[in-house]
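Got a minute to walk through a protein model with me? Here it is, and the questions come right after.

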Amino acid sequence: MNPKSLVKEHSLKAIKDLYGLHIHNIEIQSTKEEFEGDYTLVVFPLVKEVRKKPEEIAQELGNVLVQQEVFISFNVVKGFLNLELNPCVFTQLLRESYLNVNYGLSEGNKARIMVEYSSPNTNKPIHLGHIRNNLLGYSISNILKAAGNEVLKSQIINDRGIHICKSMLAWQKFGKGETPFSAKIKGDHLVGKYYVIFDKEYQKQVNELVTNGLDKEEAKKNAPILLEAQVMLRKWEDGDKEIRQLWAEMNSWVYEGFEQTYKRLGVNFDLIQYESNTYLLGKDVIEEGLSKGVLFKKEDGSVWADLTDDGLDQKLLLRGDGTSVYITQDLGTAVERFTRFQLGELIYTVGNEQDYHFQVLFLILKKLGYAWADKLFHLSYGMVDLPSGKMKSREGTVVDADELMEEMHKEAVKKTEELGKLDGYTEAEKEHTNEMIGLGALKYYVLKVDPKKRILFDPNESIDFNGNTGPFVQYTYARIQSVLRKANQQIITITDQQLNATERSLIILLASFSDSIEKSANTLNPAIVANYIYDVVKEFNYFYQNYSILNAEYESEKQLRLALAQWTGNVIKSALNLLGIGAPERM
């Protein structure tokens, strides 16, 4: 049993026996470094029920607990009861845990949770902002699964609308039949190129109209190329065969490009939906809202939700001509997903510029009477910036994911050559390991930050082999594997023995892996797992530098420390895996 759970179990029994209280929850913490002990029971919440001073309660509980074999001593600091465990609790836990490659991971199906992430437009490549979205969505899916939930990873691809028509029209006008194969570039980059060409032509036409005396706002609405794109969109909506064919072909180029990006980034999906199939959903939900009196119609026939009583504004849900707005589809897909997949929760991974949109969406669904409306969550996140002057994209504006991943690979090559980390590797091994280091650096740098905070991503800083970085964590894992290879021991025998303070604190930290997973899952914050790994790595490196493993004074110490190293390696690898980061066996 996890020692924290053991302390909790004994403490609850002592509280019941001493005071007759049947409580189910108490706060147990790891004891702070400046105090003696392994775990601390926080006594303050008991004061009201027991009607004694916190120090008195702590003393009484300590006297009872220390009679148990599990505990060997206690001390009281104000309302905190610090407990020292019998070393055999730790050695027994080490025996049970060091070979378990899935230590800390829960199996089960507490709830079926859908996590929506990525959901790009099909008119351009995936960019830097999408990287944070993908990494957050993928890692939180892994963490929710590790916390014992069934998880469905999904995305809705925004494959229709004026944006894709702009790329299609520019390709028709200026493409001369160019394809990804003939141009030797990825399909998403090719379609993105024509989106840029459209914009340049559009700006040129707007400027010409302004020069000819038209008001700028009018010029923006009446540029001939924009009017043509709008005609193309109407033809698409009417099912025009030729337009639909071109649309399908250009989107297929984009999907092929996206797939390559996702593969390199290491993310995947269980369900992919397309807006072209879902954009009509939601109209029946609107009708239901009207019949219930939750929504209202204006004179022009448009349908609205009045949220002013809730401190929000009035929200348009259906235009006067009966066409949908963006939120109409979101209402429809939420209902469709809960009905079709019998979901327990639905999490949307979307940037914080959409905070208000989701506030409105969730509130409308609640007003419509859907019982699951309070099981909708918005995993909101801040923007990602780059230091100025670094990594300009081809258009000089947005850095796309492919460029950034390639840059990270190059940074890894540069750094490992400089430090001689991969000397003696074959070219193929170098390539594989540098990719793992480069992308690991990117992922860790992004995921160690609370999602709500904005990130300034510095590629050079992220790939440092010291400090709170991916390569530092990976290097520690590789160091552990090197020690285990040198020991070359198939069987480790752990005897009950005294442990030094560093060994105890490392075991306590490893035993709390499941707690960090649970907390990360509950708060939808992968940074908790990322920073937990950093704590483990710091603790292990201190242990490694101060206590010899292979040349320990006694064989029993060597055996225990080898087991501790193996357990640490397993936890690091598992935690990195939750973040989508590889763990190199050598480095």
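Q: Is N570 buried or exposed in this predicted model?
A: The model is predicted, and the cut-off for buried is under 20% relative accessible area. N570 has a relative accessible area of 17%, so with that cut-off N570 counts as buried.

Q: Which residues is N570 in contact with, leaving aside its neighbours within four places in sequence?
A: Start with where N570 sits: in helix α23. Once the neighbours within four places are set aside, the contacts of N570 are with Y98, L99, N100 and V101.

Q: How far apart in space are N570 and N212, C-alpha to C-alpha?
A: Along the sequence, N570 and N212 are 358 residues apart. In space, going from C-alpha to C-alpha, the distance between N570 and N212 is 70 Å.

Q: Which helix gives the most to the largest nonpolar core?
A: Nonpolar side chains tend to be buried together in soluble globular proteins. Here the largest nonpolar core has 147 residues, and L61, L144, L442, F457, W567, I572 and L579 have the most contacts inside it. With 11 residues, the helix that gives the most to this core is α23 (residues 555-578).

Q: How many residues are in the other core, the one with V350 and F358?
A: This core lies apart from the largest one. V350, F358, V360 and L361 are among its residues. Its size is 35 residues.

Q: What does F457 touch, not counting residues up to four places away in sequence?
A: F457 is one of the residues with the most contacts inside the largest nonpolar core. Leaving out residues up to four places away, F457 touches V384, D385, L386, P387, L404, M408, L442, Y445 and S462.

Q: How many residues of strand β11 are buried?
A: Strand β11 covers residues 345-351 and is mostly covered. Of its 7 residues, the number buried is 6.

Q: Which residue is the bridge partner of T349 in β12?
A: Strand β11 has parallel pairings with two strands: with β5 (residues 112-116) over 4 bridges, and with β12 (residues 376-381) over 6 bridges. On the β5 pairing, M114 has L346 as its bridge partner in β11. On the β12 pairing, the partner of T349 is L379.

Q: What is the handedness of the crossover from β11 to β12?
A: After β11, the chain passes through helix α15 (residues 355-367) and then reaches β12. This makes a β-α-β crossover, and its handedness is right-handed.

Q: Which residue has the backbone nitrogen that N2 reaches at the start of α1?
A: Helix α1 (residues 3-19) has 17 residues and spans 24 Å from first C-alpha to last, close to the 24 Å expected. At its start, a side-chain oxygen of N2 comes to within 2.8 Å of a backbone nitrogen, and that nitrogen belongs to K4.

Q: Which residue follows α1 with a positive phi?
A: The buried residues of α1 include L6, V7, L12, I15 and Y19. After the helix comes a residue with a positive phi near 70°, and that residue is G20.

Q: Which helices do the buried residues of α16 pack against?
A: Helix α16 (residues 401-419) has 19 residues and reaches 27 Å from its first C-alpha to its last. Its buried residues include L404, M405, M408 and A412. The helices that the buried residues of α16 pack against are α5, α8, α11, α17 and α18.

Q: What is the phi of G420, just after α16?
A: At the start of α16, a side-chain oxygen of D400 reaches to within 3.0 Å of the backbone nitrogen of D402. Just after the helix, G420 has a positive phi of about 65°.

Q: Is K176 buried or exposed?
A: K176 lies in the loop between α6 and α7, with a positive phi near 50° although K176 is not a glycine. The cut-off for exposed is over 50% relative accessible area. At 83%, K176 is therefore exposed.

Q: Is L524 buried or exposed?
A: L524 also has a positive phi, about 50°, without being a glycine, and its place is in the loop between α21 and α22. Its relative accessible area is 11%, so L524 is buried.

Conventions. Residues numbered from 1 in each chain as written. Predicted model: local features only at pLDDT ≥ 70, side-chain atom pairs only at ≥ 80, totals over all residues. Heavy atoms only, no water. Core = buried A, V, L, I, M, F, W, Y, C linked by side-chain atoms within 4.5 Å. Buried < 20%, exposed > 50% of the residue type's maximum accessible area, 1.4 Å probe, protein only. Contact = heavy atoms within 4.5 Å. Pairing = 2+ DSSP bridges. Right-handed = clockwise from strand over helix to strand, strands pointing away. Expected span 1.5 Å × (residues − 1). Polar contact = N/O pair within 3.5 Å; in protein donor to acceptor, adjacent residues only side chain to side chain.
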